[in-house]
Amino acid sequence: MSYEVRSINEECGVFGIWGHPEAANITYFGLHSLQHRGQEGAGIVSNDSGRLLGHRDLGLLSEVFKDPRKLARLTGQAAIGHVRYATAGNGSVDNIQPFLFKFYDQSIGLAHNGNLTNARSLRTELEKDGAIFHSNSDTEILMHLIRRSYETTFLAKLKAALNEVKGGFAYLLLTEDAMIAALDPNGFRPLAIGQMKNGAYVVTSETCALEGIGARFVQDVHPGELVIIDDNGYTIEQYTTDTQLAICSMEFIYFARPDSDIAGVNVHTARKNMGRRLAKEAPIEADIVVGVPNSSLSAASGYAEASGIPYEIGLVKNQYIARTFIQPTPELREQGVRMKLSAVRGVVEGKKVVMVDDSIVRGTTSRRIVRLLKEAGAKEVHVRIASPPLKYPCFYGIDIQTRKELIAANHTVEEIRTCIEADSLEFLSEDGLIEAIGLKENAPYSGLCMAYFNGDYPTPLYDYEEKYRESLKEKVSFF
């Protein structure tokens, strides 16, 4: 098979702070904790007494701000930042956020996590009205909607604009006198408020960033909410009451860091519960349990605990290797996988191995990991996946928008097992996943987006409806 190695990628993380003399530096540290959410580009916009300053570029956060003078010039007591992985828009620096808009009457910084499902329709409508876009990111659409609104106040304009955009979004805006956060009516992406010891308020995609800067958790931002933070503290308003919580289940399975909490649920605990439930649903006689680094280690430990099979470190990840799927030939991609991941021969040799992973996209990487284990002497490799089979595309902020990329969309579990060369293969059930996360017992709302597994989308797909219907007709063989 000559196609590229693909993994699931979430597109970005946002962080903002109001009321700290070192706002840009704190934002840098906050974004560092969110680097796993995007490695394509990064940027920061600061507010120095009403004057907005910004810097953004392609690359990792440390590369973007390698010259300390670039961060030093972002003075002021407020800032917002962004780390990006592209799902909408190409890899141009023009698409790196936060965007900084300077109008005759105000300046605004804007950062966005998610994907708009009616972006194409809105952009066409706006361009017909004379709007000029400087990027091909869907983020810029919100600003055009704000500026064309006939409402009298900025807050009213923003609320009206938020009711026009559809899909998954967590926005952070920085104006001359406030920082504003907004979450979509389904809360697809996590967004939390924290507070530092000096009283400064923080908004972040994940709570792990709060720990990194010494802030305490205050509360989650809930669906349909608008959070306004200024020198007087913070207030929360609803821009819509038509809400239904549907947190992206892949946040718990794969995206979020294990030390983050989402809607009151610790991500590591949820993943460990997934592993425990998987052990009950798909038991097997084996000698050791091995997790695929890094997001599957929690599930693997849960599987081992529930099954009584010893947990071992049988796979080691090189944290400093570049992505394998960008290599130009299959041979180089194969070498890239070997450089990225290696099997511990002294642990797996002669053993029946349970290999726990979080998901299977195309099956390519799973097959290569199975081969690594067998080449290292594993007698048998039984693959256990701590999520249901990925059968449907996502249109809310994950870079898989066609069934062509999903092996489970057109193949049975047995066919996938054959493809990845495993001795057995089992997936976690949908009910098992929901119960393992346990959101209903912990969240002020209840609900997960499970569309990737069952095609039950929480919202209309708008511009993607035709693309989705076409994808249902696709019949792609991975053999």
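Where along the chain does Ser-295 lie, and between which two elements? Select Ser-295 in your viewer and follow the chain in both directions: this residue sits in a loop, with strand β17 (288–291) on one side and helix α10 (297–307) on the other. Before you go on, keep in mind that the model on your screen is predicted.

**Stop 1: the annotated binding site**

Keep Ser-295 selected and add Asp-357 and Asp-358. UniProt, in an unreviewed entry, gives these three positions the feature "binding site". They are spread over 64 residues of sequence, yet they cluster in space, with a largest C-alpha distance of 8.0 Å.

Now look at Ser-295 by itself. Is Ser-295 buried or exposed? Its relative accessible area is 15%, and buried means under 20%, so Ser-295 counts as buried. Show the residues around Ser-295: leaving out those up to four places away in sequence, Ser-295 touches Ile-253, Tyr-254, Arg-271 and Asp-358.

Move on to Asp-358, which lies in the loop between β21 (352–357) and α13 (364–375). With a relative accessibility of 7%, Asp-358 is buried too. Its contacts beyond four places in sequence include Ile-253, Tyr-254 and Ser-295, and you can also pick out Ser-296, Ile-385, Ala-386 and Ser-387 among them. Draw a distance between the side chains of Ser-295 and Asp-358, and you will find a polar contact of 2.5 Å.

**Stop 2: the annotated active site**

Next, select Cys-12. The unreviewed UniProt entry places the feature "active site" here. Cys-12 belongs to strand β1 (residues 12–18). How buried or exposed is Cys-12? Its relative accessible area is 2%, so Cys-12 is buried.

Which residues does Cys-12 touch, apart from those up to four places away in sequence? Colour them one group at a time: Arg-37 is one of them, His-82, Val-83, Arg-84 and Tyr-85 also belong to the list, and His-112, Asn-113 and Gly-114 complete it.

Keep Arg-37 highlighted, and add Arg-189, Glu-206 and Glu-251. These four residues are linked in a network of salt bridges.

**Stop 3: a threonine with no accessible surface**

Glu-206 leads to the next stop. Its backbone oxygen lies 3.0 Å from a polar atom of the side chain of Thr-204. Select Thr-204, and you will see that it is found in strand β10 (residues 201–204). Its relative accessibility is 0%, so Thr-204 counts as buried.

Show what surrounds Thr-204, again leaving aside neighbours within four places in sequence. The contacts include Val-14, Phe-15 and Leu-34. Pro-190, Leu-191, Ala-192, Ala-209 and Leu-210 are in contact with Thr-204 as well.

**Stop 4: salt bridges**

How many salt bridges does a search of the whole structure find? The count is 21, and here are three to visit.

- Select Arg-123 and Glu-127. Their side chains meet in a salt bridge at 3.2 Å, N to O. Both residues are in helix α4 (residues 119–128), and because they are 4 residues apart, about one helical turn separates them. Arg-123 is partly exposed at 22% relative accessibility, and Glu-127 is partly exposed at 40%.
- Select Asp-129 and Arg-148. In this salt bridge, the closest N and O atoms are 3.2 Å apart. The pair links distant parts of the chain, 19 residues apart: Asp-129 is in the loop between α4 and α5 (140–148), while Arg-148 is in helix α5. Asp-129 counts as exposed at 57% relative accessibility, whereas Arg-148 counts as partly exposed at 29%.
- Select Glu-305 and Lys-272. They form a salt bridge with closest N and O atoms 3.2 Å apart. Glu-305 is in helix α10 and Lys-272 in helix α9 (residues 267–281), so this pair ties together parts that are 33 residues apart in sequence. Glu-305 is partly exposed, at 47% relative accessibility.

**Stop 5: a nonpolar patch**

Finally, turn on the surface and select Tyr-311, Ile-313 and Val-316. What do these three residues form on the surface? They make up a nonpolar patch, with about 270 Å² of accessible area together. Look at Val-316 to finish: this residue is found in strand β19 (residues 315–317), and it is partly exposed, with a relative accessible area of 40%.

How values were computed:
Residues are numbered from 1 along each chain as its sequence is written. This is a predicted model: local features need pLDDT of at least 70, side-chain atom pairs count only at pLDDT 80 or more; totals for chains, interfaces and linings use all residues. Side-chain values use heavy atoms; hydrogens and water are left out. UniProt positions are given in the numbering used here, feature names are shortened, and annotations may be inferred rather than shown by experiment. Buried means under 20% relative accessible area, exposed over 50%, partly exposed in between (1.4 Å probe, protein chains only). Contact means heavy atoms within 4.5 Å. A polar contact is a pair of N or O atoms within 3.5 Å; within protein, one must be able to donate a hydrogen and the other to accept it, and residues adjacent in sequence count only if both atoms are side-chain atoms. Patches are made of residues with over 30% relative accessible area and no salt bridge: like charges are joined within 9 Å, nonpolar side chains (Val, Leu, Ile, Met, Phe, Trp, Tyr) within 5 Å. Accessible areas come from the Shrake-Rupley method with a 1.4 Å probe; for residues, only the protein chains shown count as cover.
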